[in-house]
Amino acid sequence: MHTAGAGEGAPQVDGVPSKHAAKKEAKRLEKEAKLAAKQLKQAAPASDKKAKADKEKTLKVEETVFENTTPKGEKKDMSQPMAASYNPHAVEAAWYDWWEAQGFFKPQTQSDGTAKPEGQFVIPAPPPNVTGSLHIGHALTVAIQDCLVRWNRMLGKTTLFVPGFDHAGISTQSVVERRLYKLEGKTRHDLGRETFLAKVLDWKNDYQARITNQLRRLGGSYDWDRVAFTMDPSLSKAVIETFCRLHEGGILYRANRLVNWCVKLNTTLSNLEVDQKQLEGRTLLNVPGYDLKEKFEFGVITSFAYPIQGSDEKIVVATTRPETMLGDSAIAVHPDDPRYKHLHGKFAKHPFVDRLLPIVTDAIVVDMEFGTGAVKITPAHDPNDYEVGVRHGLEFINILNDDGTLNANAGEKFQGMKRFHARREVVKALTEAGLFIEIKDNPMQIPICSKSGDIIEPILKPQWWVNCKPLAEEAIKRTRNGELMISPKQSEADWYRWLENIQDWCISRQLWWGHRCPAYFVRVEGVEADVNDGKNWVVGRTLEEATARAKALANGANFTLEQDEDVLDTWFSSGLWPFSIMGWPERTPDLSHYYPASMLETGWDILFFWVARMVLLGIYLTDKVPFSEVLCHAMVRDAHGRKMSKSLGNVVDPLDVIYGLPLADLHKKLYEGNLDEKEITKAIAGQKKDFPRGIPECGTDGLRFALCAYSGGGRDINLDILRVEGYRKFCNKIFNATKFAMLKLDSTFIPNALPTPTGNESLVEKWILHKLNIASANVNSSFEQRNFMAATTAVYNFWLYELCDVFIEAMKPMTDPAVTLETRISAQQTLYTCLDYGLRLLHPFMPFVTEELWQRLPRRINDGPSIMVSRYPTQDASFVFDDAESQFELVFSVVRTGRSLAASYNLQSDIQLFIHASDIAETALLESQAPTIGSLIKGCTKVAVIGDLSQLPPGCGSTALSPTVAVYLAVQGFIDLEAEVAKLEKKIHAVNLNLDKLLKVMSQPDYRDSVPTTVQQANEDKQKVLEAEIAALEQSKSMFQKLQ
C-alpha cells in the first residue's frame, strides 16, 4: 500500500496523474512506508531503548483499556477534549450504530418513493458464503463498494446497498462434514439428513453472525432491514419459480449425460468448478481418500494391444487412464487409414471381460498421424468418446460406483477396487497377458475439484441441465447494444469469449444442504418407466401443481410421486440475487424502484460463475439486464504474490488488521479450522515469516484506504500489511493536523454560511483553494473512471503535501495577534473550508476518522447532522485561481531551494535567505510573500528580497531558479572556505559543460528549420537558466575568495 499520492512534478493529464506516474509513485511510496517503519524502529538511542519500551508498554495498556461508554445507537459525546494521539479503536467506536439508528443507510427518496432528482445508485452486495469468516479479499470488496455508495450518497443520490449471505451448498456442507468427522469421527450418513441439516443450520447461524460483525466493523453502509439469505422463504420461492419457468420454456431439461464427478464430495460439479492442473511429464501425486503415503502416477501415456477376434493380429491403442479400458466399448480408426481398412467391421476381443469391441471408422475423433491411429472408445467415461458413442450407437458402460470403486461392469477381478489401485492392477494384468507395450511421459492436464482437490471423473448421471445457448446469445446482443458495461476491458474480452463458447449447465448436486429440486418422478402403476427419461418427470411450484401435472401424465392410472433427492447448484440461486432480493417473482415496490441495479462489483475470478449467470437468468426472467455496469476488482494475494491459503498461513482476517493480533494468537486461530497437524505446522512457519511481530493495529480507515489505494485496474494485488500500517499513520497525520488547525479556530470563530471566497484572501489562501478545487475534480473524475488508486492519490496529496506541509504552516503568521482582524478571519475561513471539504473528500474511504473530526468542527448554518449525508465537494468555479497558482509556484520554488541550500550546508537554525530578483513584478511578489517563505523553512530567521547583488552579505551559497531569480544563503563562519571554493569550481565546470552541449546543439546548421519551435523555445529558456546559474555560482565563488 503506498503511503502517498503522486508527488510534485508527477506528469499529469487533465489534472490526473498519468498511469506511468501512478505506478512510479506507488513504488516510491511503498519504499517510503518501509523506510518510515525502519526509522521508527531505530529512532531512539540505544540508551533510551528501555525507557521507550516501558513507554510503549504503558501506551498499549492505555489503549487496551479504552471502553466505549456511548449507549448503542446514540451519538458520541464530542464535548470532551481531543485525545493526545490517534487511537483507531477509540475513534471508530459508536459511529456505526449511530449512523444506522439515524437511518442514514436507508435510501432517501421523494415522497412518492421514487429516486431523488440527483439520481439513484443501487448495489446488490455479493453475498459472502457462510462457509467461514471473511478474509482480506472480502474487505477489498466492501471497501470499493462502500466508498462508491458513500460517494453517490454524498452527491445527493438515492442509494441502496443490500447485504446478504449465500448458503454455498458444496462448500458449507463439506466444511461441516470435515468438522463433524474431526470432532466426532462421524459422517453425515451416521446422523441422517434431518439431524445433519440442523448442524449445518447451526454453522450457518454462527458464521452469518460473525460475518455480519465483520461487515459492520468494515464500515459497510448496508440497509440491514433488507438483509437476505439465499435460502430465505422469499428467495427459495424465486428459485422454485425459476426452475419451473425454465422447464416450461424448454430451457431446462433432464438427460443422462457425462458430468464432472467428485468422489471425495460425492457430487456433480459444473465445468467452472473444475481446475486444470498442468503436468509436464511423469508426476507422482497424492489423491484425497487414499493413504497419504500412497502416490499415483500421472502425466504418462500407456500403450497396449487388443487382440483381433478370429486372428493372431493385434491393434495397439494408448491411454492416460488405463483403468478406463475396462469400460471400452469400441476401437475407432480413420476411414481413410490404409493400415486398418481390412479391419473395418471386425471386432477386437477384450482380455478381461466377456466383451467384443467393434472397430468403427470415425474421421472426427481419429488423427491418422497421432500415435498408432487407433483410439480406444470409452463412451461412459470420456467427453470425446461420449460423442463417438452417440454417433455410432455404441454401448455406454459405466464402470465406476459413486464412491470411486469399480463396479461389476469392470469384471470380477477388478470389482470393488478403488479406481487408482485398479489403474496399477490393469497395467500389471496387461503385462501378464503379453499385451502391454510401453509407458511414456505425456505432458497433459488433469481435472481437479476446486473444492476438495480430488481428481475429477467423467461419469454418466441423469441430471437437470440448462440449455445456455439461447440465453447467452441474448446476453451478447444486449452487451453489444450498450445495455451492460464491463470493466476493465480485459474482463470484457473474457466475457464475450466465454459466452460465445458456452456449454449447457448441469444444475443437479448430490447434496443435502441447498434447494431441493422441485421435480418429481411419476411412477405409474403397472408401467416400467425409465427414471433417466425426462418425459416421466413433472415439475411444480407446489406439490398440488406437481400432482395435477402427474395426473395428466398418468392418464387415469394410479401413480406415486417421488421428489428428486438432489439439490440445485448454489450458483442457480445466487444467479437470481439482484432481483430475488427485491421480492421477485412478486411485483414489490422494491422491485419497481431498485431493479435493475446500477452496478455489480465483484472479483474477476467469478465473472462466469456468478455474473454471467445473473445476466442470463435476469434477461430471461425479467427481460432486463440486472445491472448496467460490472466492475471487476483484483485478486488479493500475499506480499510475495502467492494465493491466499489457510495451509500457507497467509489468510488474513480483516478484523485482525483492524485490531492487531500478536503472533501467538495468529497461531491459535489455525486450530479453529479443519487443518490437519501437518498443515498447521506449515502454516505456523508461514506466519512466523510473514508476521514476525504479529499484525499491527491499523484500524478500519487505514485498511479501507490502503485497499482502495491498491486498486488501479490490475488483476492482482500483492498485499503488504506494513503498507496498510503506513495508512494508519496517515490517519494519525490527519488527526493531529486537524487538532492543531482547530487551535487556530478560536471560540469566537463562526464559519461563513457559504464557502465562497470573499475576495480578501491572500495568495497562499487562493493557492490552497485552487488546489482543493483540483483535488475535488480529480477525486470525482477518478471515482467516475473507477480508478480508486488515482482517487486516493489525489486526496492524499492534498492533505499531506498541500494542506499540512504548506498551508497550515504558511498561515501561522496570518493568525498572529499582530495581523489585522480581516487577515486573521480570512485565513480562518479558508482553513475551515479546507478542513471541512478535505474531510468530506476523504469520507468515502475513511468513514470513521472523518466523522470523528468533522463533528468537532464548527458548523455552517445549512450543514446536515453527519458528514456521510453532507454534500461531496465538486469542482467550484469560485475556487479557480490560476494566476495565484503560478505565482505561488515561484514562491514555493524559493522555499524548496532555500531548504535544499540549507541542507547542503548542514544548517538547521539561524537560516538567512537573500532572494535576488531582477524582474519588478517578481520582486514585488516575493517581498509580499517573505513571511510565508520564512514560515515554510524550518529554522529560518530572515528572508530578504534584494534588487542589487551589492546588498548581499559576504560569504553566501547560491542557486539560480531562473534567469531572473536566484537564492542566496548566508554561510560565512559555517564553512571551510577553501573546500567550498573547490566545490564551486567543480559545479561551475559541470554547468559550463551542460551549457556547451546545449549551445552545440543550437548551433547546428539546420537547427532553425528542423527543430520544432516549442523545443527551440525550451532550449533558449534552458540556456538562460544555465547562464544565470553560472553567474550565481561565480558570485558565490568571488565572495568566498575575498574572505580567504
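**Exercise 1.** Which residues in H5 meet which residues in H22? Classify the packing.

*Solution.* The model is predicted: local features need pLDDT of at least 70, side-chain atom pairs count only at pLDDT 80 or more, and totals for chains, interfaces and linings use all residues. Residues are numbered from 1 along each chain as its sequence is written, and side-chain values use heavy atoms, without hydrogens and water.

Step 1. Locate the helices (DSSP runs of H or I, at least four residues, numbered from the N terminus). H5 spans residues 136–154 and H22 spans residues 699–710.

Step 2. List the contacts (heavy atoms within 4.5 Å). H5 offers Ile 136, Ala 139, Leu 140, Ala 143, Ile 144, Asp 146, Cys 147 and Arg 150. Leu 703, Arg 704, Leu 707 and Cys 708 meet them from H22.

Step 3. Sort by class (nonpolar: Ala, Val, Leu, Ile, Met, Phe, Trp, Tyr, Cys and Pro; charged: Asp, Glu, Lys and Arg; polar: the others, Gly among them). The contact has nine nonpolar, no polar and three charged residues.

Step 4. Take the axes (lines fitted to C-alpha atoms over the stretch in contact; angles run from 0 to 180 degrees between N-to-C directions). They come within 9 Å and cross at roughly 90 degrees. H5 and H22 are therefore roughly perpendicular (65 to 115 degrees).

**Exercise 2.** What is the strand order of the open sheet of three strands?

*Solution.* Step 1. Strands are DSSP runs of E, at least two residues; two strands pair if DSSP finds at least two bridges between them. The order is S21-S29-S28, with parallel pairing.

Step 2. Find the edges. S21 (485–487) and S28 (600–603) each pair on one side only.

Step 3. Inspect one pair. Four bridges join S28 to S29 (residues 629–633).

Technical notes: Angles under 35 degrees count as roughly parallel, over 145 as roughly antiparallel, 65 to 115 as roughly perpendicular and the rest as oblique.
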